[in-house]
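What follows is a walk through one protein model, taken strand by strand and then outward to its helices, loops and ligand.

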Amino acid sequence: MNDTLFSSVPPLLEVLEQECKDIGFTMPSDRHIGALLSNLIASKPGGHFLELGTGIGLSLCWMIEGMDQNSYLYSIDNDPQLIDIAQGHFGKNTRVEIVCQDGGEWIKAYQGPGFDLIFADAWPGKYFDLEETLDLIKPGGFYVIDDMLPADDWPEGHAEKATVLITYLEEHPQFRVTKMSWSTGIIVATKIADAPADS
Ligand SMILES: C[S@@+](CC[C@H](N)C(=O)[O-])C[C@H]1O[C@@H](n2cnc3c(N)ncnc32)[C@H](O)[C@@H]1O
């Protein structure tokens, strides 16, 4: 198996990958996490999805690829320049709302229905405001993060933060966690439905 070959990629992907290079965006999501997100999202017809950390929309284009016509997605980033580019590509999509706001503020203000999948690709929703974010996931829904394998550009102290996050998720009574040393290091956590009462 060659897992660097992708049988189908979203039509806009190569354009966005080139645009990341052109503008010097150094934090783009890779194709592996994109393909995984697209698959997980395809398992939730009519689903409701959230991305924290839009960038210019690389993972977003994969997420949209997995959505059916009745699904809806919010994507949040606090960088107006990146959001402008993402809006230029996806702004006319009526199933997608791209918001320029601090992710933590957005999470705390959100009052709509729960999410079938949250991809937390920014500090809010991952290294802070975590419990508020996990609260927004429906039973059976997915919490997905990447960049969990040590990298050369991690600042001092980041490895400890990552360990704290992983332990928190693993010990969380409402989540089942799978850790994958693949891509940049991915965690998929599924919110379990309320446990049935003992008979
Ligand atoms: C790892 S990048 C996201 C990559 C993106 N998902 C992609 O597909 O290329 C992290 C993003 O989080 C954004 N960000 C950083 N701090 C944020 C905050 N407090 N609220 C919202 N977005 C934030 C950055 O502007 C950056 O675009």
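Phe 49 stands opposite Leu 117 in E4. The model that shows this pair is a predicted one. The pair belongs to the junction of E1 and E4, two strands that run parallel and are joined by four bridges. On its other side, Leu 117 has Phe 142 of E5 as its bridge partner. E4 and E5 also run parallel, again with four bridges between them. As for burial, six of the six residues of E4 are buried, so the strand is largely enclosed by the rest of the structure.

These three strands are part of an open sheet of seven, ordered E3-E2-E1-E4-E5-E7-E6, in which the pairing is mixed. The edges are taken by strand E3 (96–100) and E6; each has a single partner strand, so one side of each is left without a neighbour in the sheet. On average, neighbouring strands of the sheet are turned by 15° against each other, direction ignored.

At the E6 edge, strand E6 (residues 175–180) pairs with E7 in the antiparallel sense, over six bridges. Phe 175 is found in strand E6, and its bridge partner in E7 is Lys 191. Apart from residues up to four places away in sequence, Phe 175 touches Tyr 143, Leu 169, Ala 189, Thr 190, Lys 191 and Ile 192. A further distance across the hairpin is that from Phe 175 to Val 188: their C-alpha atoms are separated by 9.6 Å, with the two residues 13 apart along the chain. Is Phe 175 buried or partly exposed? It has 19 C-beta neighbours inside 10 Å and therefore counts as partly exposed, since burial requires 20 or more.

The hairpin of E6 and E7 has five residues between the strands, and one residue to look at there is Ser 183. Ser 183 is found in the loop between E6 and E7, and its phi is near 55°, a positive value in a residue other than glycine. Most residues other than glycine have a negative phi. Ser 183 is partly exposed, with 19 other C-beta atoms within 10 Å.

Asp 147 is another residue that has a positive phi although it is not a glycine, here of about 60°. Its place is in the loop between E5 and helix H7 (158–171). With 21 C-beta neighbours inside 10 Å, Asp 147 counts as buried.

Turning to the helices, helix H2 (residues 31–42) has 12 residues and reaches 16 Å from its first C-alpha to its last, close to the 16 Å expected at 1.5 Å a residue. Which residues of H2 are buried? They are Arg 31, Ile 33, Gly 34, Ala 35, Leu 36, Leu 37, Ser 38, Leu 40 and Ile 41. With nine of its 12 residues buried, H2 is largely enclosed by the rest of the structure. Its buried residues pack against several strands of the sheet, namely E1 (48–52), E4 (115–120), E5 (137–145) and E7 (186–191), and also against helix H3 (58–66).

Helix H4 (residues 80–90) lies across E2 and E3, and runs at about 165° to E3. Leu 82 is found in this helix and is buried, with 21 other C-beta atoms within 10 Å. Not counting residues up to four places away in sequence, Leu 82 touches Thr 54, Gly 55, Ile 56 and Asp 77. The C-alpha atoms of Leu 82 and Cys 100 are separated by 9.0 Å, and the two residues are 18 apart along the chain.

Gly 55, one of the contacts of Leu 82, leads on to the ligand, as it is also among the closest of the 18 residues that surround the ligand. The others named as closest are Ser 29, Gly 53, Gly 103 and Ala 122. Which elements give two or more residues to the shell around the ligand? They are H3 and strand E2 (72–77). H3 is also one of the elements against which the buried residues of H2 pack, and E2 is one of the strands that H4 lies across. By type, the residues of the shell divide into eight nonpolar, six polar and four charged.

Note on methods
Residues numbered from 1 in each chain as written. Predicted model: local features only at pLDDT ≥ 70, side-chain atom pairs only at ≥ 80, totals over all residues. Expected span 1.5 Å × (residues − 1). Contact = placed C-beta atoms within 7 Å. Near = placed C-beta within 6 Å. Nonpolar A, V, L, I, M, F, W, Y, C, P; charged D, E, K, R; others polar. Pairing = 2+ DSSP bridges. Axes fitted to C-alpha atoms, helices over the stretch in contact; angles between N-to-C directions.
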